[in-house]
Amino acid sequence: MADKDSVEKYLENNPQFAKEYFDKKVRAEALSAAFSAPVDVKDTASFKDVNSLQEAAIIYELVQQMQTQLPMEESLHKVLQRIALIIQADRIGFYICRSRNGIPELASCLFDVTPTSKYDGNLVHPQAEIVFPLDMGIVGFTALSKKPQNVPDITKNPKFSDFVDKQTGYTTKCTLTFPLMAEKECLGVVMALNKIGADTFSPEDEKLFHKYMNFAQVIALQHHTNYMFNVESRRSQVLLWSASKVFEELTDIERQFHKALYTVRIYLGCERYSVGLLDMTKEKEFYDEWPVKLGDVEPYKGPKTPDGREIIFYKIIDYLLEGIKEEIKVIPGPPIDHWALVSGLPSYVAENGFKEAVDETGFVIKNCLSLPIVNKKEEIVGIATFFNRKDGKPFDEHDEQITEALTQFLGWSVLVCDTYDRLNRMEWRKDIAQEMLLYQTKCTAAEMQSILNTKEKFDAEPEDLDQKEMYKLLRANCPPADNVTGENLYLFSFSDLPVSETDLIRAGIRMFFELGVVEKFKVPAETLTKWMYTVRKGYRSITYHNWRHGFNVGHTMFCLLQTGKLRKYYSDLDAFAMVAAAFCHDIDHRGTNNLYQTKQVKKVSQHPLAKLHGSSIMERHHLEYSKTLMGDETLNIFCNLQKRQFENVQHLFDVCIIATDLALYFKKRTMFQNIVNATEPMPDEKEAINYISNNPTRKEIIMYVALMVAAEFWEQGDLERSVLDQQPIPMMDRNCSEQLGKMQCGFIDFVCSFVYKEFSRFHKEITPMFDGLKNNRCEWNKHAELYNAKMKAIEDEKKKLEDDENKKGGGDGKSKTCTIC
């Protein structure tokens with residue numbers, strides 16, 4: 001029987017026989033056993049070629065390797081081992097392609113891979129990486145050109161760099177390289193070095209190398225896809241959570257940053273991070289500059305931000321996420337050499353390494369990523385620094401993108417805090433301005449004593465007296481309703497002209513007593529006096545829309561309720577609120593209408609009223625002023641109302657004051673007519689109509705008031721000419737003053753007649769107002785007829801002159817413009 005050695009020798013000497021024998025005799029069980037058994041080659045130098053069965057086993061093993069969930073480096077290690085075996089390379093390396101700070105680079109990932117080497121010995125630790133740019137060496141050229149390279153003699157290739165050889169002591173003679181691609185992006189480069197048993201890699205070796213690189217390509221692409229999915233998932237979570245958190249906290253930037261960063265900590269993928277907040281002071285106070293100028297303090301010589309600020313961190317928030325226990329530290333006023341500030345500069349970290357623990361926790365910095373937090377003005381407000389990626393690798397461009405998205409959100413969120421701070425400051429300034437305004441317009445103690453003279457009568461301050469005594473004194477100091485300097489408050493024909501402005505204040509207080517609301521709603525006598533006096537001071541000294549106009553509107557509301565018998569449709573609180581709103585309806589009027597405010601905001605950008613209120617500009621301003629008075633405890637005449645009652649009063653103020661906008665009147669008058677039409681006829685009242693008004697028409701008062709209105713309109717027209725450089729409408733043009741009668745008739749017909757007529761139809765007690773309006777129109781119609789007659793005479797004279805010219809120049813009937821020769 002032949003022994004093992006003789007059989008082996010015979011098969012080697014008769015390869016054709018061996019091939020035919022194995023083709024016939026090898027069964028499926030043997031193939032299955034071969035595929036299931038790992039490939040174990042002890043002496044690769046004895047292999048000239050790999051037979052079909054061995055290659056099939058290798059392919060099967062590589063396919064199995066692709067199905068595992070191992071890290072990319074470990075899966076690639078198996079592939080590179082088999083490739084080294086097949087092409088008989090001395091060793092193979094894998095360089096990963098990445099970008100940092102926007103600069104692409106290559107870093108050694110797997111080094112000195114052989115068919116028998118161990119994975120742990122070939123894996124390059126992140127701290128021991130060899131890193132070089134893409135424009136360096138054959139590997140860099142492969143990544144840059146994205147094409148495989150076969151270099152039979154490196155000494156003749158100008159792209160070769162001995163940078164790695166010098167660091168490892170290895171001598172490279174020939175090489176094969178292959179880029180692993182993801183579409184147009186290079187993920188890394190595989191490099192096979194030095195053919196065993198030959199000087200160069202043959203074309204067959206190159207073909208096999210490219211063939212088996214497909215496995216490496218699939219593994220790298222699969223890992224890249226998973227990694228990018230993880231990156232996008234982390235980015236979306238960071239954006240989502242940071243967006244939700246930055247707008248939760250409005251009070252200050254520190255709490256806002258803390259909430260956002262703490263919420264997204266698990267998506268950052270680092271062991272520690274810190275946020276340094278920069279001092280935003282651009283100019284020092286003069287007293288801070290004295291020590292520098294006197295030489296007591298050295299001037300600042302450190303770096304500055306792009307906008308010229310000294311880099312001074314006033315606070316650091318430090319987050320330690322390593323281990324089970326998470327720690328958060330807030331360091332106010334950190335020293336310049338604090339580790340978090342120094343490590344925030346990547347160049348300093350790269351130079352010094354930070355091999356020692358940075359603080360008492362024993363934390364050691366391995367790598368870091370530092371980004372500025374920039375607000376909408378492109379000012380750097382802080383620095384966010386992230387330390388030690390959890391997988392030990394350096395931060396790459398995708399980490400930069402995630403953290404940059406976070407810092408951008410934080411920068412934008414600064415706008416929220418700044419806006420909140422500005423709103424607070426505006427609110428404080430408004431409170432201060434309101435306080436100054438009220439100080440100037442609020443009723444003083446001396447002014448109050450001129451009406452409520454408690455010192456003269458009782459030698460005591462108002463707060464020391466009982467309210468009943470105060471009511472009695474205030475009633476006694478106010479003129480009776482039927483004799484206010486000879487005028488009757490219950491008559492529609494009441495005239496304010498003979499009454500002084502101080503007596504009008506007393507008359508206004510008398511109206512509230514006549515309504516019976518002072519004692520019912522427990523309005524303090526001192527508060528009522530101060531409120532009425534303050535309302536009077538709130539009106540400006542202008543031609544028409546002054547305190548007298550405000551009083552007249554308040555008196556008209558009083559007459560409609562009391563004399564016009566409309567009181568029965570309203571509660572006492574409604575009557576109280578409506579009369580008070582009528583007194584305030586034009587407070588702080590500027591003598592110009594809403595249209596002028598709108599024109600002025602287009603011409604003069606500093607004007608605030610039209611910017612603040614989009615519609616009913618002046619009316620909303622009067623309402624805000626009125627509510628400001630309500631907000632002062634010493635001026636709030638509704639202070640003793642219940643909450644629901646006070647809300648009802650505020651609503652009535654809104655309705656009554658905004659309704660004085662003439663533009664709204666034209667929109668609502670049809671609705672008012674429908675309401676009147678739907679109302680049942682009122683029963684006859686016992687009182688006679690002649691009780692209402694002894695003299696419904698007073699020509700001298702009508703003319704005086706109309707001239708005051710016209711004079712204020714003309715003043716606005718003058719402003720439109722001088723300030724806005726515009727031609728005013730005829731009603732505002734003093735050059736059209738002769739048309740006043742005609743315009744008054746038009747205003748009465750178009751604006752006033754409708755509401756007066758509907759009111760009198762609704763309630764017969766209001767008829768005297770309508771009668772007075774008709775008499776008023778008759779007076780103005782006389783002026784209009786005089787103007788029309790004058791204009792007609794001028795037109796007739798003009799026409800007569802034209803006719804005379806025609807007779808003199810064109811009596812022969814010939815055309816003046818055409819001549820036939």
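**Exercise 1. State whether Asp205 and Lys195 are buried or exposed, and describe the contact between them.**

Solution. Both Asp205 and Lys195 are buried; the word stands for under 20% relative accessible area, with exposed over 50% and partly exposed in between (1.4 Å probe, protein chains only). The model is a predicted one, in which local features need pLDDT of at least 70 and side-chain atom pairs count only at pLDDT 80 or more, while totals for chains, interfaces and linings use all residues. Residues are numbered from 1 along each chain as its sequence is written, and side-chain values use heavy atoms, leaving out hydrogens and water.

Next, the contact. Asp205 and Lys195 form a salt bridge, with the closest N and O atoms 2.8 Å apart. The term requires a side-chain nitrogen of Lys or Arg within 4 Å of a carboxyl oxygen of Asp or Glu. The pair links distant parts of the chain, 10 residues apart: Asp205 is in helix α9 (residues 203–246) and Lys195 in strand β6. Helices (H or I, at least four residues) and strands (E, at least two) are DSSP runs, numbered from the N terminus.

**Exercise 2. Work out the order of the strands in the open sheet of six strands, and find which strands stand at the edges.**

Solution. Start with the pairs; two strands pair if DSSP finds at least two bridges between them.

- β1 (residues 89–100) and β2 (residues 103–113) run antiparallel and are joined by eight bridges. Cys97 has Leu106 in β2 as its bridge partner.
- β1 also pairs with β6 in the antiparallel sense, over seven bridges. Here Ile92 stands opposite Ala192 in β6.
- β5 (residues 175–182) and β6 (residues 185–195) pair over eight bridges, again antiparallel. Met181 has Cys186 in β6 as its bridge partner.

The full order is β3-β2-β1-β6-β5-β4, with antiparallel pairing. β3 (131–133) and β4 (149–151) each have a single partner strand and stand at the edges, so one side of each is left without a neighbour in the sheet. On average, neighbouring strands of this sheet are turned by 25° against each other, direction ignored; the axes are lines fitted to C-alpha atoms, for helices over the stretch in contact, and angles run from 0 to 180 degrees between N-to-C directions.

Last, the turn: the hairpin of β1 and β2 has two residues between the strands, and Asn101 takes a positive phi near 55° there.

**Exercise 3. Describe the salt bridges of Lys430 and Glu514, giving partner, spacing and burial.**

Solution. Take Lys430 first. Its partner is Glu427, with the closest N and O atoms 3.3 Å apart. Lys430 and Glu427 lie three residues apart in helix α15 (residues 397–441), and are therefore separated by about one helical turn. Lys430 is partly exposed at 40% relative accessible area, and Glu427 is partly exposed at 38%.

Then Glu514. It forms a salt bridge with Arg510, the closest N and O atoms being 3.8 Å apart. Both lie in helix α19 (residues 501–515), four residues apart, about one turn of the helix. Glu514 is partly exposed at 27%, whereas Arg510 is buried at 9%.

**Exercise 4. Locate Asp586 and state whether it is buried or exposed.**

Solution. Asp586 is in the loop between α22 (572–584) and α23 (594–603). Asp586 is buried, with a relative accessible area of 7%. An unreviewed UniProt entry lists Asp586 under "binding site"; UniProt positions follow the numbering used here, feature names are shortened, and annotations may be inferred rather than shown by experiment.
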